[in-house]
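I opened the file to take notes on chain packing and on one stretch of sheet. The entries follow the order in which I looked things up.

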Amino acid sequence: MEEGLDAYRTFRREQGDFEALFRSHYPEIVRYLAARLGSREDASDLASEVFAEAWRRVPGLQWRGRPVRAWLYRVAANMAADELRRRRGESHALGEPETPDATERVADRVALAKALRDLPPEYQLVVHLRLVEGQPFADVARVMGKSVGACQMLLLRAGKLLRESLEREGVREHA
Amino acid sequence: MPDSALALELDRALAGEDAADEARELAALLVAAVEPARFEVPQAEVEAALARTQPPRRAPVRRRPRLAVAFAAALALAAAAALVLRTPTEDVEAKAAAALDRTYFVVEDVRPARPGLFRPTVVAGTVDPRRALGHWTASSGGDVLTETRVEGDRVTRWDAASNTLTVAESCRAFASGCADVLDPVELYRRTLGSGTGELRKVDGDWEITLDGAHVQQVVTVDGKTYLPTRIEWRDDGRPVSVVRIVTLDRHARTDPVALALQPHPGARVRHVDAAGKTVRVESTRAVEVPPGALWLGPTWHGYLPHAEQVRFNAGSALRIRYGPTSVWNYDEVVPPEVAAARAGFAKTATLRRGIVVRIYFTSEGAIVSDVELQGRRAAIVTAAGGKEDVLRGAEALTRAP
């Protein structure tokens, strides 16, 4: 993907300044992992591991037209997948996140959160970048290494999959 | 509706615009799904996590002898350079700065030092250094990629790829930093005199090397005019880009139109503070109209003034309401409704007192006039009335007793 000079310079700057990289992106990686894992605390722990890996490997990254953020999200996604696999493998499988009460609305929210976590990782990432981080599609496309149109289609499919998932669960649409 | 069209509708629905029912339904679902992930991570937590993550810094290795040798060598080189070069660095830099101390129009050809790093770009614009104003566009293959306006520290940049207008209180708010937000000649001009320059005479011209926080500039300066002719940017000593100055014309006067941002109807507006965070209202407090504030007098079209101090996370501004018309007095932060209007269609008018007013027509039907009067910034926003009414308002602006 061909990119502008400022994208290249941002890459080089972040590559050479770990503290700036950390301060810029740690919060969004925590939010991303919280959505993937369903736990804010686990997300903070895993985000620290993502950045420990970044400390070791980012200085050696080669510029391939994508920002360092793209690498951070890839590592975070892989670590989240490992963590979820580990949880599934444990005999005392973790249940859904604790809920304060059992009203229908809370149940809907839990179903919605689960439906979001069950989306394919690529769909979760586009939803996160566009809706949680509020990134313009052009930036989402840079992180994902796809075209803007492809990212827009991913978001649409994510919405449709969420709807189907909730309908299967018998949950009303506006949870 | 085909998915490709529905995807665009969904984007519109997520932006709060009118969209098809299915798109609005999906947007509501997606927004509800991500709600739990929309939390702030406190700065203290970030710092604590950073302290845990970052391995302890290594103690400095014994480098003193090597440093001492290097220092001595540098001193010797500096002494030799001082003997060879009769003109000290400061003099050349001062002359180079003076050469750019008036409004200039510049066209630059920016090319990567190595093929494939980025697309070759043409930057063209006007800078008025005395008033700290600048406006330029960056294009590639005839398409405008970005359009930037600088006013003091404040930067407004339109990004064509996302049709987004970012209003930032400082160039530091941009991920790429000031070096890539500013026009290369303007960056060079601002770096001159920073005490980081090295000088070399090359074939009758000067070569000034300026070290900045994120970029090293190696600038060829014409030996007679002291104007820059070529700028090479280096990262860790490696050339990244070469800027060739195609045109550099200086003017005695500034044309306000040359410094104006083009209208970008339909552009999304992101208003961010100096740290890159979205500007939002924190509190609103009713106040008396402060003496010296720009207002429309004790009444306007039969409405009495109601003043309120609006506190944003990036600063505060004063709003004086007269029914459907508001007068914003601002300096630290551009009120979001004024910032948003700047994406719309604009006209410039000169009033009787020589005051230049920029009038914006927003997609919501409001009219915003932006005025600078007696060193203060004000904007009149009205949802009622027409352009003439706003112009009359701008002419009526006066300081409150």
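These notes go from chain B as a whole to one of its strands, then to the contact between the chains and the nonpolar core.

Entry 1, status of the model. I am working with a predicted model. I keep that in mind for what follows.

Entry 2, chain B overall. I looked up the secondary structure of chain B and found nine helices and 22 strands. Chain B has 401 residues, and 35% of them count as buried. I then checked sequence separation: of the contacts in chain B between residues at least 6 apart in sequence, 50% join residues at least 24 apart.

Entry 3, strand β21(B). I picked this strand, residues 376-382 of chain B, and asked how many of its seven residues are buried. Five are, and I noted the strand as mostly covered. Next I looked up its pairing. β20(B), residues 367-373, pairs with β21(B) in the antiparallel sense over seven bridges. β17(B), residues 325-330, also pairs with β21(B) in the antiparallel sense, over six bridges. For the register I wrote down one pair from each: Glu372(B) stands opposite Arg377(B), and Ser326(B) stands opposite Val381(B).

Entry 4, the turn. β20(B) and β21(B) form a hairpin with two residues between the strands. I checked the backbone there and found that Gln374(B) takes a positive phi near 50°.

Entry 5, contact between the chains. I counted 48 residues from chain A and 46 residues from chain B in the contact. Which elements of chain A give two or more residues to the side that touches chain B? I listed α1 (5-16), α2 (18-37), α3 (40-57), α5 (104-117), α6 (121-132), α7 (137-144) and α8 (148-169) of chain A. The largest share of that side, 10 residues, comes from α2(A). Sorted by class, the side of chain A that touches chain B has 28 nonpolar, 12 charged and eight polar residues.

Entry 6, the nonpolar core. I looked up the largest nonpolar core and found 139 residues in it. Those with the most contacts inside this core are Leu33(A), Val126(A), Leu10(B) and Leu30(B). α2(A) gives the most to this core, with 10 residues. As a general note to myself, in soluble globular proteins nonpolar side chains tend to be buried together.

Entry 7, Leu33(A). I followed this residue further, leaving aside its neighbours within four places in sequence. What is Leu33(A) in contact with? I found Ala43(A), Leu46(A), Ala47(A), Ala76(A) and Ala80(A).

Definitions and conventions
Residues are numbered from 1 along each chain as its sequence is written. Chains are lettered from A and ligands numbered from 1 in the order in which they are written. This is a predicted model: local features need pLDDT of at least 70, side-chain atom pairs count only at pLDDT 80 or more; totals for chains, interfaces and linings use all residues. Ala, Val, Leu, Ile, Met, Phe, Trp, Tyr, Cys and Pro count as nonpolar, Asp, Glu, Lys and Arg as charged, and the others, Gly among them, as polar. A residue is buried if 20 or more other C-beta atoms lie within 10 Å of its own, exposed if 12 or fewer, and partly exposed in between; C-beta atoms are placed from the backbone. Two strands pair if DSSP finds at least two bridges between them. A nonpolar core is a set of buried Ala, Val, Leu, Ile, Met, Phe, Trp, Tyr and Cys residues joined through C-beta atoms within 7 Å.
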